[in-house]
Amino acid sequence: AAFLAYQAETFQTVVQRLEAKGLRPPWAHAANSGAVQNAPDTRFNLARPGLLVFGCPPMRDAKPDLLPALEWKARVTQVKALPEGRAVGYGLTRRLERDSRLAVVPLGYADGWPRSLSNRGRCIIGGEWAPVMGRVSMDQFLADVTDSPNVAVGDEVVLVGEQGDRRQTVDDVAYAAGTITHEILTGLSLRLPRVYHPS
């Protein structure tokens, strides 16, 4: 908060010095999404709400009343039963600790699903959390659906959005990937089909 106040004061000083020299910028702003919400004195006569436009909170701990503007979904393309002890994925980085059922999800890092989610991300399938198993590859990843025995080819996979009583936000994905929400949003590949719904 102290640094924000310092930045706002410095910016205001620059604007005042320009005005004293007869140079009045038609637009002046220092307010991103976080400042729009928490520091109205930084708006001047313009603001640039980036994350807020997507319905994403600018700070992880914030709980604003926002409606997400994005859902990210796929369909299961294959379900495989594998025995305990089997290693899966490129580099065999995950060894199964029980007899398992794994769903193949046709999205990978070329689509914007970060490789850093290997063995640590999750999605929602069959209304339950489905952990990422093994490495995320270019075009697909594996998800553990052992606890959802009815999952089948064609079932919906939710990467961002809601299914049943489970919900995953862009911010949740970013946090699991060790990055920021902006990187997830700007990393959504042009390979992904877009479906626009009027509000």
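This is a short dialogue on reading salt bridges in a predicted model.

Student: What lets side chains of opposite charge pair?

Tutor: Such side chains can pair when their charged atoms come close. For a salt bridge, the cut-off is a side-chain nitrogen of Lys or Arg within 4 Å of a carboxyl oxygen of Asp or Glu.

Student: How many salt bridges does the structure hold?

Tutor: There are nine salt bridges.

Student: Which residue forms a salt bridge with E128?

Tutor: The partner is R166, and the N to O distance is 2.9 Å. This pair links distant parts of the chain: E128 lies in strand β7 (residues 128-133) and R166 in strand β10 (residues 166-168), 38 residues apart.

Student: How is the accessibility of E128 and R166 read?

Tutor: Partly exposed lies between buried, under 20% relative accessible area, and exposed, over 50%. E128 has a relative accessibility of 33%, so E128 counts as partly exposed. R166 is also partly exposed, because its relative accessible area is 24%.

Student: Where does R167 find a salt-bridge partner?

Tutor: The side chain of R167 meets that of E162, at 3.4 Å from N to O. R167 is partly exposed at 42% relative accessibility, and E162 is partly exposed with a relative accessible area of 48%.

Student: Which residues are joined into one network by salt bridges that share partners?

Tutor: E71, K73 and E156 are joined in this way. Within that network, the closest N and O atoms of E71 and K73 are 3.7 Å apart. K73 has a relative accessible area of 37%, so K73 is partly exposed.

Note on methods. Residues are numbered from 1 along each chain as its sequence is written. This is a predicted model: local features need pLDDT of at least 70, side-chain atom pairs count only at pLDDT 80 or more; totals for chains, interfaces and linings use all residues. Side-chain values use heavy atoms; hydrogens and water are left out. Buried means under 20% relative accessible area, exposed over 50%, partly exposed in between (1.4 Å probe, protein chains only). Helices (H or I, at least four residues) and strands (E, at least two) are DSSP runs, numbered from the N terminus.
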